[in-house]
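Q: Could you take a close look at one part of this model for me, the disulfide, and then set it in the context of the whole chain?

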Amino acid sequence: MASKKQNHPLPPCPSTPNCVRVSKDFKAGIEQVYERLLYIFEKEAHKFEVIDAKRIELHAVYRIPFLGFKDDVDVIMEESNTKTVVYIRSASRVGTYDLGVNNRRVRWILKKIANQL
């Protein structure tokens, strides 16, 4: 799984279990990782937007189909030498427990990126 970083640029999660914030290194250029992430968000997210193209910061909203609850997924990417670091945070907008949905979503997104590189 992804490692937790001390210098994570996204806001920390609250003490409730409905949020996950991790980072993962990929041995690929930032353009490759960015393309994979855009593809995932285009296919899976309810909506998404590029917040800052130069910093490569994205925001996506996932909706639980039958209940309509929304989760926010934020990503910042940085390139360092021969690797790209993906910082990701997924959190429910309401409630305190999400049955592990955000954790599974983040692991799935990171796995999907890795499998496509």
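A: Happy to! Let's start with charge, keeping in mind that this is a predicted model. The chain carries 20 positive and 14 negative charges, and the mean positions of the two sets lie 6 Å apart.

Now to the part you asked about. The count comes to 1 disulfide, and the cysteines that form it are Cys13 and Cys19. Their sulfur atoms sit 2.0 Å apart, which is within the 2.5 Å cut-off, so the pair counts as a disulfide. In general, such a link is a covalent bond between the sulfur atoms of two cysteines. The angle about the S-S bond is -65 degrees, making the link of Cys13 and Cys19 left-handed.

The two partners fall into separate accessibility classes. Cys19 has 14% relative accessibility and therefore counts as buried, while Cys13, at 27%, counts as partly exposed; the cut-off for buried is under 20%.

Around this link, the chain has 2 helices and 5 strands, arranged from the N terminus as β-α-β-β-β-β-α. Buried residues make up 42% of the 117 in the chain. Its radius of gyration is 14 Å, which agrees with the value near 13 Å for a compact globule of 117 residues. Along its principal axes, the C-alpha trace spans about 40 × 30 × 25 Å.

As for contacts between residues at least 6 apart in sequence, 50% join residues at least 24 apart. Finally, the chain exposes about 7,000 Å², with carbon and sulfur atoms supplying 49% of that area.

Technical notes
Residues numbered from 1 in each chain as written. Predicted model: local features only at pLDDT ≥ 70, side-chain atom pairs only at ≥ 80, totals over all residues. Heavy atoms only, no water. Helix = DSSP H or I, 4+ residues; strand = E, 2+ residues; numbered from the N terminus. Rg over C-alpha atoms; globule rule 2.2 N^0.38 Å. Buried < 20%, exposed > 50% of the residue type's maximum accessible area, 1.4 Å probe, protein only. Contact = heavy atoms within 4.5 Å. Areas by Shrake-Rupley, 256 points an atom, 1.4 Å probe, with all protein chains shown as cover. Lys, Arg positive; Asp, Glu negative; His and termini not counted. Charge placed at Lys NZ, Arg CZ, Asp CG, Glu CD.
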